[in-house]
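Biologist: Hello! Could you take a close look at the interior for me, coming in from the outside, and tell me how the parts there fit together?

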Amino acid sequence: IRFEQLARIAVTKRDPDAAREALAWYRGELLPGDRYEDWAAERRERLRGVYVGLLLQLARLHQARGEHLLAIDVLGRALDAEPAHEEAHAGLMRAYALSGQPHLARRQFERLREALRRDLDDEPGPASRRLYAEIVGGGFPPPAEPGPAGGVSGVSDATVDLPLVTPTSLVGPA
């Protein structure tokens with residue numbers, strides 16, 4: 001129950017620390033020995049769904065902050081829980097490509113394809129195939145936008161107001 005409460009808070013806050021706190025309360029599958037008890041199976045699936053959803057949110061938060069290696073770790077945990085979760089595989093592909101590891105992104109697509117065939121007798125969806133094609137074609141990640149002409153990225157060409165200095169023999173015309 002505590003895990004679910006903290007998960008709701010974390011989803012609302014969209015805060016990585018809140019998500020990590022909630023995830024620390026997840027204790028794995030509910031009653032794994034009673035796999036065929038209807039009441040346990042439904043609750044087990046719901047809890048796993050909350051767990052995976054929270055991991056995906058945490059990964060998105062990491063990616064938004066440019067923390068691609070942290071996102072990779074979190075998405076790996078999501079795939080441990082749901083090996084055929086296409087969104088988690090696609091997230092890993094993005095994170096690998098953004099972290100400068102396109103070869104791992106391509107390999108992740110193959111893992112997605114194998115997991116979907118094995119577990120669901122299915123193929124990757126259009127969004128995953130499109131992402132894969134962009135990575136293979138060198139279009140993802142998109143090239144970084146250049147900074148101002150002749151300038152350093154992140155530094156503007158705005159006029160800077162400097163304090164007025166009265167000309168003296170050391171400053172200005174003599």
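Modeller: Happy to. Let's come in by way of R14, which counts as partly exposed because its relative accessibility is 48%, and partly exposed covers values between the 20% and 50% cut-offs. Please keep in mind that this is a predicted model. R14 sits in the loop between α1 and α2, and although R14 is not a glycine, its phi is positive, about 55°.

Now to the interior itself. The largest nonpolar core has 40 residues, and the ones that touch the most other members are Y51, L54 and I135. Two or more residues of this core come from each of α1 (2-13), α2, α3, α4, α5, α6 and α7. Helix α3 gives the largest share, eight residues. As general background, nonpolar side chains in soluble globular proteins tend to be buried together.

L54 is a good place to see what such a core residue meets. Apart from neighbours within four places in sequence, L54 is in contact with F3, A7, A10, V11, A19, A22 and L23.

Next come the rings. How many aromatic pairs are there? The count is three. Y26 and Y51 make one stacked pair, with 4.0 Å between the centres and 15° between the planes. This pair links distant parts of the chain, 25 residues apart: Y26 is in the loop between α2 (16-24) and α3, while Y51 is in helix α3. Y26 and Y51 are both buried. The pair of F109 and Y132 is stacked as well, because the ring centres are 4.1 Å apart and the planes meet at 15°, and stacked asks for planes under 30 degrees apart. Since F109 belongs to helix α6 (residues 102-120) and Y132 to helix α7 (residues 126-136), the pair ties together parts 23 residues apart in sequence. F109 is buried, because its relative accessible area is 1%, whereas Y132, at 23% relative accessibility, counts as partly exposed. F3, together with Y26 and Y51, forms one aromatic cluster. There is a charge over a ring too: R2 lies over the face of W25, 5.9 Å from the ring centre.

Charged residues deserve a look of their own. R48, in helix α3, is buried, because its relative accessible area is 10% and buried means under 20%. The side chain of R48 makes a polar contact, at 3.2 Å, with the side chain of E45. E86, in helix α5, is partly exposed, with a relative accessible area of 26%. A polar atom of the E86 side chain lies 2.6 Å from the backbone nitrogen of G125. Leaving out neighbours within four places in sequence, E86 is in contact with G125 and also with L112, L116, P124 and S128. E86 and E123 are 9.8 Å apart, C-alpha to C-alpha, with their positions 37 residues apart in sequence.

Staying with α5, its buried residues include A88, H89, A90, G91, L92, M93, A95, Y96 and A97. The 13 residues of α5 (residues 86-98) should span 18 Å at 1.5 Å a residue, and the end C-alpha atoms are 18 Å apart, so the two agree. After α5 comes G100, with a positive phi near 80°. A95 of α5 also leads us to G66: their C-alpha atoms are separated by 9.2 Å, with the residues 29 apart along the chain. G66 is placed in the loop between α3 (38-64) and α4 (68-81) and is partly exposed, because its relative accessibility is 42%.

That loop takes us to α4, where H68, A71, I72, V74, L75, A78 and L79 are buried. The 14 residues of α4 should span 20 Å at 1.5 Å a residue, which agrees with the 20 Å between its end C-alpha atoms.

To finish, let's step back out. D121, in the loop between α6 and α7, is exposed, because its relative accessible area is 71% and exposed means over 50%. D121 has a positive phi of about 50°, though D121 is not a glycine. In the segment after α7 we find P141, and the peptide bond from F140 to P141 is cis, with omega near 0°.

Notes:
Residues numbered from 1 in each chain as written. Predicted model: local features only at pLDDT ≥ 70, side-chain atom pairs only at ≥ 80, totals over all residues. Heavy atoms only, no water. Helix = DSSP H or I, 4+ residues; strand = E, 2+ residues; numbered from the N terminus. Buried < 20%, exposed > 50% of the residue type's maximum accessible area, 1.4 Å probe, protein only. Expected span 1.5 Å × (residues − 1). Polar contact = N/O pair within 3.5 Å; in protein donor to acceptor, adjacent residues only side chain to side chain. Contact = heavy atoms within 4.5 Å. Phe/Tyr/Trp six-rings, centres within 6.5 Å; stacked < 30°, edge-to-face > 60°. Lys NZ or Arg CZ within 6 Å of the ring centre and 35° of its normal. Core = buried A, V, L, I, M, F, W, Y, C linked by side-chain atoms within 4.5 Å.
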